[in-house]
Amino acid sequence: MQGSLNVGASKCIDQVKTLEESLQSEILYLKEELTKVVVELVLCKREIAQGGSNAMITVVTIPSKVDILKPKAFKSYTELTANVIGQFVNHSIFMLNHQR
């Protein structure tokens with residue numbers, strides 16, 4: 001019994017160590033990528049601050065107005081909640097009256 005527990009515990013510890021090593025390598029990779037992104041961001045900010053002579057940056061906003069039709073039977077969350085509470089109260093009163 002003790003031997004099988006030791007084997008199981010040993011397997012679990014090995015799996016945890018493997019996962020830990022894998023996560024550490026992924027974290028290291030993500031840190032390196034984040035460093036690259038930060039460097040690129042700094043370069044972009046510097047270019048914009050200097051007037052963007054080497055890069056054309058154009059921001060275009062597209063006006064969009066979309067009418068979303070609601071079904072005629074649409075009820076708001078508040079109305080639905082009020083209906084559910086009202087039904088619960090009515091049912092509770094009905095049950096209390098008919099228990100006697």
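V37 sits in helix 1. The model is a predicted one. With a relative accessible area of 49%, V37 is partly exposed. The cut-off for exposed is over 50%, so a value of 49% leaves V37 in the class between buried and exposed.

V37 also belongs to a nonpolar patch on the surface. Its partners there are L34, V38 and V42. Together the four residues offer about 340 Å² of accessible area.

Now take the helix itself. Helix 1 runs over residues 2-49, a total of 48 residues. How far apart should its ends be? At 1.5 Å a residue, the expected span is 70 Å. The end C-alpha atoms of helix 1 lie 69 Å apart, so the model agrees with that expectation. Just after helix 1 comes G51, with a positive phi of about 105 degrees.

Helix 1 also holds a charged pair. The side chains of K36 and E33 form a salt bridge, at 3.4 Å from N to O. The cut-off for such a contact is 4 Å, so the pair qualifies at 3.4 Å. Why can these two side chains be considered together along the helix? K36 and E33 are three residues apart in helix 1, so about one helical turn separates them. Both ends of the bridge are partly exposed: K36 has 47% relative accessibility, and E33 has 29%. The salt bridge count for the model is one.

Next, the cysteines. C12 is partly exposed at 46% relative accessibility. C44 is partly exposed too, with a relative accessible area of 47%. A disulfide is a covalent bond between the sulfur atoms of two cysteines. The disulfide count here is zero.

Finally, step back to the whole protein. It has two helices and zero strands. How many of its residues are buried? Buried residues make up 2% of the 100 residues. Buried means under 20% relative accessible area. V37 at 49% is therefore not in that group, and neither is E33 at 29%. The accessible surface of the protein comes to about 10000 Å². Carbon and sulfur atoms account for 64% of that surface.

Terms used
Residues are numbered from 1 along each chain as its sequence is written. This is a predicted model: local features need pLDDT of at least 70, side-chain atom pairs count only at pLDDT 80 or more; totals for chains, interfaces and linings use all residues. Side-chain values use heavy atoms; hydrogens and water are left out. Helices (H or I, at least four residues) and strands (E, at least two) are DSSP runs, numbered from the N terminus. The expected span of a helix is 1.5 Å times one less than its number of residues. Patches are made of residues with over 30% relative accessible area and no salt bridge: like charges are joined within 9 Å, nonpolar side chains (Val, Leu, Ile, Met, Phe, Trp, Tyr) within 5 Å. Accessible areas come from the Shrake-Rupley method with a 1.4 Å probe; for residues, only the protein chains shown count as cover. Buried means under 20% relative accessible area, exposed over 50%, partly exposed in between (1.4 Å probe, protein chains only). A disulfide is a pair of cysteine sulfur atoms within 2.5 Å.
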